[in-house]
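User: I am new to reading structural models, and I would like to understand why certain words are used for certain parts. Could you take me through the terms with care?

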Amino acid sequence: MTAETIVGAVGKSAEFRTCQFTGLKVDVAAQSLIKANAVAAVIFLLVGGLMGLMVALTRWPAVHLLPAEWFYLVLTGHGANVLLFWIIFFEMAVLYFASAVLLNSRLAAPKFAWLGFVLMIVGAVLTNVAVLQGDSSVMFTSYPPMQAAPNFYLGLILFAVGALIGTAIFFATLVIAKEERTYQGSIPLVTFGALTAAIIAVFTIASGAVILIPTWLWSLGFISYIDPLLYKVVWWAMGHSTQQINVSAHVSLWYMIAALIVGAKPLSEKVSRTAFFMYILFLQLASAHHLLAEPGLDASWKIVNTSYMMYLAVLGSMIHGLTVPGAIEAAQRKNGYNKGVFEWLRKAPWGNPAFAGMFMSLVMFGFIGGISGVVLGTEQLNVLMHNTLYVPGHFHGTVVTGTTLAFMAATYLVLPLIFQREIIWPGLAKLQPYLFGIGAAGISLFMMGAGTLGVPRRHWDISYSDAPLSFAHSAGAFLMMGLNGISAILAALGGAIFIIVVVGTVLFGKKITGGHKLTFPLHQGGGAAVSHYGSHATVKLPGTVVLITLFFTCFVLYYFINWKYLSELWLFR
Amino acid sequence: MAITPPPQRIWWNEPIEKIELIWTIVAFLWGLFMFGFMIAWHFIGQQNLNKEAYRILPSNYEAKVEAFAKKFTVREEQGVPVVKPPAGTDVYILGRLWQWWPILELEKGTSYRIHISTLDWMHGFSLQPVNINISAYPGYEHVITLTPTETGEFGIICNEFCGIGHHVMTGKIYVTDQKRAEVDQRLAAGR
C-alpha cells in the first residue's frame, strides 16, 4: 500500500523553501499550518490567561474580584481555553513541525489539515460562546448530573474531531516521508516523542468521543441518564491522557530546544526512546488518579492504575529528567564550559528566552509538578488532598510551569525559523520566561500549600461568610491565597509580555533574509558531543548527578512527610 | 542531535552510559517500593478507604437519613438537627444543595459506620481541619468505618463544585470524649 492510497490521491507537487539556519527543506503548506495553529494557540492563551488572572484575583480574599456567578463561569472558561485550546492548537503545530519539517518531507493532505484546523476553531468558539452565555458554568470537567448547554459539548466534540484529523495528517506524513525516503535510518528523537504524543492523542480523543457524544445527546434529551461514576472513569481517560499528550510534546520540545541552542545530543537514543515508549504503554492508566476517593472501586484496581503499572510511566519521566540535563551538560562541556561541576550550567545561554524557558520548565516540571503528582496519585495519600486546591496546584506545576513554559520557549524558535521574523524587543523577551516561570511556580506552590491546609478547589468564598454553619480556615490558608494572587499577577505579566512579543514579532518583526546573526546551535561542535557512547571519550556528567540526587532526595522526603500526615488522621477503613 | 535521525543506524545496540543505567535502576526500584508501600499500608496503616458501596435511589437514601436523624436527634442548631447516634452504630449523612445534613455528635475513640451519599449532584465530603476528603455521588451509598481520634468541633465543607451555592455548603461534626458527663458540662459552659 502506498502513501497515496492511505491519504487519498494527493499530488506530489509540494512547494518547498530551504531553511537558512538548518538546511532543512520546509514544505510551505506545512509552514502555513504551523503558523495558523500557533497563532490560534496564542489567541486562546490570551483569553484563557485573562480568565485565569480573574480567577486568582477572586480567590485572593482581600480582592475577591468577581461575583460568584461570574467566578464559576470564568473558571469554566479558563479550563477549556488554556488546558485544551491553547495547548492542543500548539501541539498541532508541533506535530506538523516534527513530521514535515524535521523529516524534510511534504505534509500529507494539507487541505484536510486545514479542514481540521477550521473544525477546531469552530469547536473552540462554540464552547466559548456556550460558556459566556452563562448556562454552562459546569466547570471544565462537566460532571453529570450537572448539565451544560448542548453546544458546550458539541464544541468540544468538533474540536476533538479537528484534532483527530491533525493527528491523522501527522501519521500520514510519517508514512510519506518513509516512502519517499526523505530521511535516512530512524526518525529523529523529537519526532519519536511527537509520535508518542500522537498515539496517546488517538486514545485520548477516542475516550473523549465515547463519553462526550452520549453526554451531548443527554443534554439534548435523547438519553435520560448518565451514570456519574461511569462518566468520571471515561471522562478522565480523556482528561488525564490529554495531559500525557502534553508531557510527551513538551519533553520532545526540551530535546529540540537543547539541540537547537546548545547542540545537545541524546546521551543514548535507546534510553530516551524507551522512556517515551513507557509513556505509550502506561500513561493512559491515569484515569484512576481522579477516582481514588470514590465509592465502590477496588483497592487493587486503584493501586495498579494509579501507579501507571508500578510507576513505569513515572520511570519514563525520571529518565528524561536525567537525559535532558545530561545531554545539555555533555554538549556544554564539549562547547568548552568544562570547569568544575556547574560551569556548564552557569554559563548556559540564560539570556536566550528559549533556553531559559526550557530549562525552567524542565526543573519545575520535575520538582513541582512531578513529585506532587506522584504523591497526589498515591492511593491512600490522595484522601489528604482530593479536590482541595492542592489538585490545581499540582497541575499548574505540570501544565503551566511544565508544558506552557516549554511551549513559550519553543515559540522563541518558531518565530525566527518558521515565521522568519526577528523578535522585536529582545530585552523584554529575555525577561519573559523568568517572570512567567516564577509566577507560575508561585501559583503552583501556594495553591498546594492552601490545599494542604484544606482549602477546597473551585470555590468562590473560602471564608464561608454566607454559610448557615460557619467554618474558618486557618490564617495560613488565607496567606497562601494572597500569595497565590500575587504570583498570578506576576505570571499574567509574563504571559502578557509573551503575547505582546509574539504578536508584535509576527506583525512587525523584521523579515529575516540571508546572512542573519542568529546561529543554531550557538556553539559549533556541540553537535559532535558524545559521538561515541561508552568509550573513553564519554563526557562525565557530575553536574547532572548532583541535580538528580537533589531531586531524588526531595522526592523521597516529601513522599514520606505525606505518609506522616496521613498517619495522624482519624482512622478509617 | 535530537532533531536529526540517529547517526548510527543500529542505535539499539549502542552501549548505555553508566549514569543512565544506574539512575534507571534507582528510579525503577523506587517505583517498585512506592507500589509496594500502597499495598503494605493496607496491612500496617489505619487509613484506607473502604470500597463498600451500594446503589440506592437518592430519594430512598434521603428517607433513610431522615429516619436516622429523627431517632437520635438531641438538639437543634440553626434549624439543623444535631444527631448523637449510639456508639458503633450506622450513621448517615446526606449531601444536598447546599448543606451537609444532619450535624453529627460522635465520641472520640469509637468506630462508626458512616454512610455518605447525595440527593442531587456530586458533592465533596471534606472534613476540616482534619483534611479527610471523599467524593460523594447521587445513587451510590458509600460506607466507611470512621474512628475520630480527637475531640472538638469540626467542619464539613463541600469541595466538589455543585453550582452557585457551592461556597455556602457546610456541615458540622462534634466529637466528644467518652466521659460524657464531663463533656456535657464543658459544652454547657461553652454555649
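User: How many residues does each chain give to the contact between chain A and chain B, and what makes two residues count as being in contact?

Analyst: The contact takes 87 residues from chain A and 72 residues from chain B. Two residues are in contact if their C-beta atoms, placed from the backbone, lie within 7 Å. On the side of chain A that touches chain B, helix 10 (residues 308-334) of chain A gives the most, with 10 residues; helices here are DSSP runs of H or I with at least four residues, strands are runs of E with at least two, and both are numbered from the N terminus. This is a predicted model, in which local features need pLDDT of at least 70 and side-chain atom pairs count only at pLDDT 80 or more, while totals for chains, interfaces and linings use all residues. Residues are numbered from 1 along each chain as its sequence is written, and chains are lettered from A and ligands numbered from 1 in the order in which they are written.

User: What classes of residue make up the side of chain A that touches chain B?

Analyst: That side has 54 nonpolar, 21 polar and 12 charged residues, where Ala, Val, Leu, Ile, Met, Phe, Trp, Tyr, Cys and Pro count as nonpolar, Asp, Glu, Lys and Arg as charged, and the others, Gly among them, as polar.

User: How do you know that strand 3 of chain A pairs with strand 10 of chain B?

Analyst: Two strands pair if DSSP finds at least two bridges between them, and strand 3 (residues 571-572) of chain A and strand 10 (residues 140-147) of chain B are joined in the antiparallel sense over 2 bridges. In this pairing Phe572(A) stands opposite Leu146(B).

User: Which strands of chain B pair with strand 11 of chain B?

Analyst: Strand 8 (residues 123-128) of chain B runs antiparallel to strand 11 of chain B, with 4 bridges between them, and there Phe125(B) stands opposite Cys158(B). Strand 12 (residues 170-176) of chain B also pairs with strand 11 of chain B in the antiparallel sense, over 6 bridges, and Phe154(B) stands opposite Ile173(B). Strand 11 (residues 152-158) of chain B is mostly covered, with 5 of its 7 residues buried.

User: Why is Ser444(A) called buried?

Analyst: A residue is buried if 20 or more other C-beta atoms lie within 10 Å of its own, exposed if 12 or fewer, and partly exposed in between, with C-beta atoms placed from the backbone. Ser444(A) has 30 C-beta neighbours inside 10 Å, and therefore it counts as buried. Ser444(A) lies in helix 15 (residues 426-452) of chain A, and, leaving aside its neighbours within four places in sequence, it is in contact with residues including Gly393(A), His396(A) and Val400(A).

User: Why are Gln420(A) and Gln78(B) given other words, and where do they lie?

Analyst: Gln420(A) has 19 C-beta neighbours inside 10 Å, so it counts as partly exposed, whereas Gln78(B), with 11 other C-beta atoms within 10 Å, is exposed. Gln420(A) lies in the loop between helix 14 and helix 15 of chain A, and Gln78(B) is found in the loop between strand 2 (73-77) and strand 3 (80-83) of chain B. Phi is positive in Gln420(A), near 55 degrees, and in Gln78(B), near 50 degrees.

User: What makes helix 14 and helix 15 of chain A roughly antiparallel?

Analyst: Their axes come within 7 Å and cross at roughly 170 degrees; axes are lines fitted to C-alpha atoms, for helices over the stretch in contact, and angles run from 0 to 180 degrees between N-to-C directions. Angles under 35 degrees count as roughly parallel, over 145 as roughly antiparallel, 65 to 115 as roughly perpendicular and the rest as oblique. Helix 14 (residues 390-417) of chain A and helix 15 of chain A are therefore roughly antiparallel to each other. The residues of their contact divide into 17 nonpolar, 9 polar and no charged.

User: How do helix 2 and helix 16 of chain A pack?

Analyst: Helix 2 (residues 28-59) and helix 16 (residues 475-508) of chain A pack at an angle of about 160 degrees, with their axes 9 Å apart. That makes helix 2 of chain A roughly antiparallel to helix 16 of chain A. By class, their contact has 13 nonpolar, 5 polar and 1 charged residues.
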